[in-house]
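Here is a friendly walk through one protein chain, with an eye on how its pieces pack together. Have the viewer ready and follow along.

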Amino acid sequence: MGRRYDPERRQRIIDAAAAVVRERGIAGLGHRAVAAAADVPLGSTTYHFATLDDLLIAALRQINAEWLAEVEHWVEGVDPAAPPADELARWLGEQLTDDRARMELEYELYFAALRHEGLRPLAAECLDEMARMLTRLVPDAATARAVVALIDGLTLQVLLADRPYDREDTRAALARIMGGDGDDGPPAG
């Protein structure tokens, strides 16, 4: 039997790898698990991705792109008349309560970059892109980076220390970083 033409196979493998990471974490990612999830022969995964790191990078690139698309959609939908600190605190609370598993995965990916040097550029790109998007809501790029850092710190406290999310404390901290009480609305553009 000849080789079956399957132009979508590589993407199916990436989709399956992302699904395996979501379901089992990074430690659960393997060529066999991905081949089974993608319903392809094991050799297809190693043909398209010579190493497990190559497969992990492709999966994480896709997961980051999905996450950033969601952040972009949220930023575009922010009420321009609403105080940015209020909007950010509300959004972060939704992320931590409605989609905690997603947040856990995002931070697992960041921590994986500590041990997998090839993942560091992906983590940095994600942080930089999130800060870039937030410049629509805050006064400048430095403030956007500070907001991303605060969001990361608060998220880690909630996820790792099992602390409850406090929307008002978060709003107040964000307002301090943004310069003011948070009631000034978005920056003039």
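H5 and H9 cross in a right-handed sense. In this predicted model, the two helices pack at an angle of about 135 degrees, and their axes are 8 Å apart. An angle over 145 degrees would count as roughly antiparallel, so H5 and H9 are oblique to each other. On the H5 side, the contact is made by Pro 84, Ala 85, Asp 86, Leu 88, Ala 89, Arg 90 and Leu 92. H9 answers with Arg 167, Thr 170, Arg 171, Leu 174, Ala 175 and Met 178.

What else does H5 pack against? Besides helix H9 (167–178), the buried residues of H5 pack against helix H4 (52–77), helix H6 (100–115), helix H7 (120–134) and helix H8 (141–161). The buried set in H5 comprises Pro 84, Ala 85, Glu 87, Leu 88, Ala 89, Trp 91, Leu 92, Gly 93, Gln 95 and Leu 96. Helix H5 itself covers residues 84–98, which makes 15 residues. From first C-alpha to last it reaches 21 Å, close to the 21 Å expected at 1.5 Å a residue.

A second helix pair is worth a look. The axes of H7 and H8 cross at roughly 120 degrees and come within 8 Å, so this pair is oblique as well. The crossing of H7 and H8 is right-handed. Here Leu 127, Met 130, Ala 131 and Leu 134 of H7 meet a set in H8 made up of Ala 144, Arg 145, Val 147, Val 148, Ile 151 and Asp 152.

Two stretches carry annotations in the UniProt record, both from an unreviewed entry: "domain: HTH tetR-type" at residues 7–67 and "DNA-binding region" at residues 30–49. Their computed make-up is set out below.

| Residues | Helix | Strand | Distance between end C-alpha atoms |
|---|---|---|---|
| 7–67 | 77% | 0% | 26 Å |
| 30–49 | 75% | 0% | 11 Å |

Now step back to the whole chain. Its secondary structure amounts to nine helices and zero strands. Along the principal axes, the C-alpha atoms fill a box of roughly 70 × 35 × 30 Å. How much of the chain is buried? Of its 189 residues, 46% count as buried. As for contacts with a separation of 6 or more, 69% are between residues 24 or more positions apart.

How values were computed
Residues numbered from 1 in each chain as written. Predicted model: local features only at pLDDT ≥ 70, side-chain atom pairs only at ≥ 80, totals over all residues. Heavy atoms only, no water. UniProt positions renumbered as here; feature names shortened; annotations may be inferred. Helix = DSSP H or I, 4+ residues; strand = E, 2+ residues; numbered from the N terminus. Expected span 1.5 Å × (residues − 1). Buried < 20%, exposed > 50% of the residue type's maximum accessible area, 1.4 Å probe, protein only. Contact = heavy atoms within 4.5 Å. Axes fitted to C-alpha atoms, helices over the stretch in contact; angles between N-to-C directions. Parallel < 35°, antiparallel > 145°, perpendicular 65-115°, else oblique. Left-handed = near helix turned anticlockwise from the far one by under 90°.
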